[in-house]
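Here are some notes to read with the structure open beside you. They start with the core and work outwards from there.

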Amino acid sequence: ARRLVLSALLKHDECKAFVAFWQHKKFQKSTYLFTPDHHHEPLGAHAIHYVLNTFLKEQHPHITPHSFRHHAISMLALIVGVDDEGWVSQWSDYHADEIRQIRIHLLGKQHAVSTNHWQSLKGFAGHASLETTFGSYIHSADLIAIGQMQRSDITLPITFVSKKKKKKSGSFN
């Protein structure tokens with residue numbers, strides 16, 4: 001079992017629609033979220049995959065459930081990995097307030113910026129190791145690195161640069 005933070009995956013209106021669906025299932029006294037109406041047995045993984053695949057083919061024909069998973073994890077990595085909402089919003093369809101809310105919903109208020117965010121993302125993905133998350137699922141690592149580099153202030157002493165370039169400091173412009 002793992003915690004799925006729907007408010008980190010879905011926009012506000014999408015989350016409201018899902019909560020309405022969940023309330024409907026509770027009203028039906030369903031034991032499981034994904035069951036046929038008025039049934040108590042859960043749908044198998046293949047049935048859920050079929051329903052999701054059918055929906056995606058109708059609404060978004062170029063997206064598969066697997067590519068959606070990769071994209072969602074990559075976007076979450078970008079959101080938790082770069083502390084510049086304006087920059088992240090250029091690469092996603094979220095605005096700055098939504099990005100801040102996703103961070104809080106996924107990480108909690110105390111851990112919105114911490115080293116634990118990669119562990120949280122690994123847990124969200126259901127992976128046993130960070131290597132799996134980074135090696136196979138996060139396709140936005142270059143964007144994360146660029147976003148972090150843009151906010152960094154790298155200063156090298158002129159003596160270090162002079163030694164590496166084998167030039168005198170007076171010859172630099």
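1. The largest nonpolar core in this predicted model has 25 residues, and Leu78, Leu106 and Leu121 are those with the most contacts inside it. Five elements are worth colouring, because each gives two or more residues to this core: α4, α5, α6, α7 (117–125) and α9 (141–151). Of these, α4 gives the most, with 7 residues. As background, nonpolar side chains in soluble globular proteins tend to be buried together.

2. Leucine 78 is a good place to centre the view. Setting aside neighbours within four places in sequence, leucine 78 is in contact with Trp87, Val88, Trp91, Ser140, Leu143 and Ile144. You may like to show those side chains together with Leu106 and Leu121, which are also named among the residues with the most contacts inside the core.

3. Now for the overall layout. The secondary structure of the protein chain comes to 10 helices and 0 strands, so expect a cartoon that reads α-α-α-α-α-α-α-α-α-α along the sequence. Buried residues make up 28% of the 173 residues in the chain. Among contacts between residues at least 6 apart in sequence, 47% join residues at least 24 apart. The accessible surface comes to about 12200 Å², and carbon and sulfur atoms account for 59% of that surface.

4. The charged side chains deserve a careful look. The count comes to 4 salt bridges. In general, side chains of opposite charge can pair when their charged atoms come close. One of these salt bridges joins the side chains of aspartate 83 and arginine 103, at 3.8 Å from N to O. Aspartate 83 sits in the loop between α4 (65–81) and α5 (85–90), while arginine 103 belongs to helix α6 (residues 96–107), so this pair ties together parts that are 20 residues apart in sequence. How exposed is each partner, aspartate 83 and arginine 103? Aspartate 83 is partly exposed, with a relative accessible area of 37%, whereas arginine 103 counts as buried at 4% relative accessibility.

5. Glutamate 85 has two arginine partners to check. With arginine 100, the side chains meet in a salt bridge of 3.7 Å, N to O. Glutamate 85 lies in helix α5 and arginine 100 in helix α6, so the pair ties together parts that are 15 residues apart in sequence. Glutamate 85 is buried, with a relative accessible area of 15%, and arginine 100 is partly exposed at 35%. With arginine 103, the closest N and O atoms of the salt bridge are 2.7 Å apart. That second pair links helix α5 to helix α6 across 18 residues, and here both glutamate 85 and arginine 103 are buried.

6. Which residues do the shared partners join into one network? They are Asp83, Glu85, Asp97, Arg100 and Arg103. For a fuller view of the surroundings of glutamate 85, add Ala96 and Ile99: leaving aside neighbours within four places in sequence, glutamate 85 is in contact with Ala96, Ile99, Arg100 and Arg103.

7. Leucine 9, found in helix α1 (residues 6–9), is worth a stop as well. Leucine 9 is partly exposed, with a relative accessible area of 23%. Not counting residues up to four places away in sequence, leucine 9 touches Ala72, Leu76, Tyr94 and Phe124. The C-alpha atoms of leucine 9 and histidine 105 are separated by 9.7 Å, although these residues are 96 apart along the chain.

8. A note on helix geometry. Helix α2 (residues 12–27) has 16 residues and reaches 22 Å from its first C-alpha to its last, close to the 22 Å expected at 1.5 Å a residue. Just after α2, lysine 29 takes a positive phi of about 60°.

9. Finally, please look at the surface. Met149, Ile154, Leu156 and Phe160 form a nonpolar patch there, with about 430 Å² of accessible area together. Isoleucine 154 lies in the loop between α9 and α10 (158–165). Is isoleucine 154 buried or exposed? At 60% relative accessibility, isoleucine 154 counts as exposed, because the cut-off for that class is over 50%.

Note on methods:
Residues are numbered from 1 along each chain as its sequence is written. This is a predicted model: local features need pLDDT of at least 70, side-chain atom pairs count only at pLDDT 80 or more; totals for chains, interfaces and linings use all residues. Side-chain values use heavy atoms; hydrogens and water are left out. Helices (H or I, at least four residues) and strands (E, at least two) are DSSP runs, numbered from the N terminus. Buried means under 20% relative accessible area, exposed over 50%, partly exposed in between (1.4 Å probe, protein chains only). A nonpolar core is a set of buried Ala, Val, Leu, Ile, Met, Phe, Trp, Tyr and Cys residues joined through side-chain atoms within 4.5 Å. Contact means heavy atoms within 4.5 Å. The expected span of a helix is 1.5 Å times one less than its number of residues. Patches are made of residues with over 30% relative accessible area and no salt bridge: like charges are joined within 9 Å, nonpolar side chains (Val, Leu, Ile, Met, Phe, Trp, Tyr) within 5 Å. Accessible areas come from the Shrake-Rupley method with a 1.4 Å probe; for residues, only the protein chains shown count as cover.
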